[in-house]
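Me: Please take a close look at the charged pairs in this model. Start with one pair, then work outward to the parts around it.

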Amino acid sequence: MKLGVSGHRWRDGADWIWVRERLTDHIRSAGEIEGYTSLAPGADRIFAEIILANKRELVAVIPVFGGHAELEIGAKPEFDRFCRQAGRTIRISGDTPDAAFMAAGMFVVDECDQMIFVWDGKPSRGLGGTADVVAYARKQSKTGIILDPIGRATTEL
C-alpha cells in the first residue's frame, strides 16, 4: 500500500509528541507500505523518520523550482540525509515555489492509496499549503485521516 503525508511545518501550539505517536501507530498498523512525502520540515520529516525506523520504503517527492529543490534555510543537511535513505526520489517542477509545492502535494495524493494530513483545519498561507492539498484529496475522494496537532483530534478525511 502507498501511504502519503502532507502537513504543517513547525507550528506554535502543535503537540508534536502526540503527532509522532499517532503517525507511529498508523504506520505500524498499516503493514507493508511505501511512505510518500515531500520532506518539508515538520510533519513530513517526522513521517519520514518513522517510515525509515519501521523499515518501510521512503519515497521522496521533491518540489522543484528553477531546477533546484525548494528548501528552507538550514534544512539541507537533514533533507540530504533523507534523500540518501529514500528508496526512490521523484522531482516535481512548478512555475513558482508555491506551484511546485502544490504539484508535489497533488502528485502524492494521486499516487497514494491513503493519506495522512497533519492539519489544524485552517486555510493555507499560500498555494500548496496543507489546506489546499486536503481540498484536492477530498475532490479526488481519497481516503485517510486528519491529525489536528493543536486540538489533538483524529478525524476521517
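Reply: Glu78 and Arg81 form a salt bridge, with their closest N and O atoms 3.7 Å apart. The term means a side-chain nitrogen of Lys or Arg within 4 Å of a carboxyl oxygen of Asp or Glu. The model is predicted, so local features need pLDDT of at least 70 and side-chain atom pairs pLDDT 80 or more, while totals for chains, interfaces and linings use all residues. Numbering runs from 1 along each chain as its sequence is written, and side-chain values use heavy atoms, without hydrogens or water.

Both partners sit in helix H3 (residues 76-85), 3 residues apart, or about one turn of the helix. Helices (H or I, at least four residues) and strands (E, at least two) are DSSP runs numbered from the N terminus. The general point is simple: an α-helix has 3.6 residues a turn, so residues three or four places apart point the same way. Glu78 has 29% relative accessibility and counts as partly exposed. Arg81, at 33%, is also partly exposed. That class lies between buried (under 20% relative accessible area) and exposed (over 50%), with a 1.4 Å probe and protein chains only.

Now the wider set. The whole structure holds 8 salt bridges. Side chains of opposite charge can pair when their charged atoms come close.

A second pair is Arg22 with Asp25, at 3.4 Å from N to O. These two are 3 residues apart in helix H1, so about one helical turn separates them. Arg22 is partly exposed at 24%. Asp25 is partly exposed at 45%. The pair is not isolated: Glu21, Arg22 and Asp25 are linked in a salt-bridge network.

A third pair is Arg152 with Asp15, where N and O come to 2.9 Å. This one links distant parts of the chain, 137 residues apart. Arg152 is in the loop between strand E7 (143-148) and strand E8 (153-156), and Asp15 is in the loop between E1 and helix H1 (16-29). Asp15 has 22% relative accessibility and is partly exposed.

H1 and H3, which carry two of these pairs, also help to cover helix H2. H2 (residues 43-53) is mostly covered, with 9 of its 11 residues buried. Charged residues are among those buried: the list includes Asp44 and Arg45. Beside them are Ala43, Ile46, Phe47, Ala48, Ile50, Ile51 and Leu52. The cover includes strands too: E1, E2 (34-37), E3 (57-65) and E6 (114-118). Contact here means heavy atoms within 4.5 Å. After H2 comes Lys55, with a positive phi near 60 degrees.

One more residue repays attention. Thr130 lies in helix H5. With 9% relative accessibility, Thr130 is buried. Leaving out residues up to four places away in sequence, Thr130 touches Ser6, Gly7, His8, Phe117, Val118, Trp119 and Ser124. Its side chain also reaches the backbone oxygen of Gly7 at 3.4 Å. That is a polar contact: N or O atoms within 3.5 Å, where within protein one must be able to donate a hydrogen and the other to accept it, and sequence neighbours count only if both atoms are side-chain atoms.

To recap the pairs: Glu78 with Arg81 lies within H3, Arg22 with Asp25 lies within H1, and Arg152 with Asp15 links distant parts of the chain.
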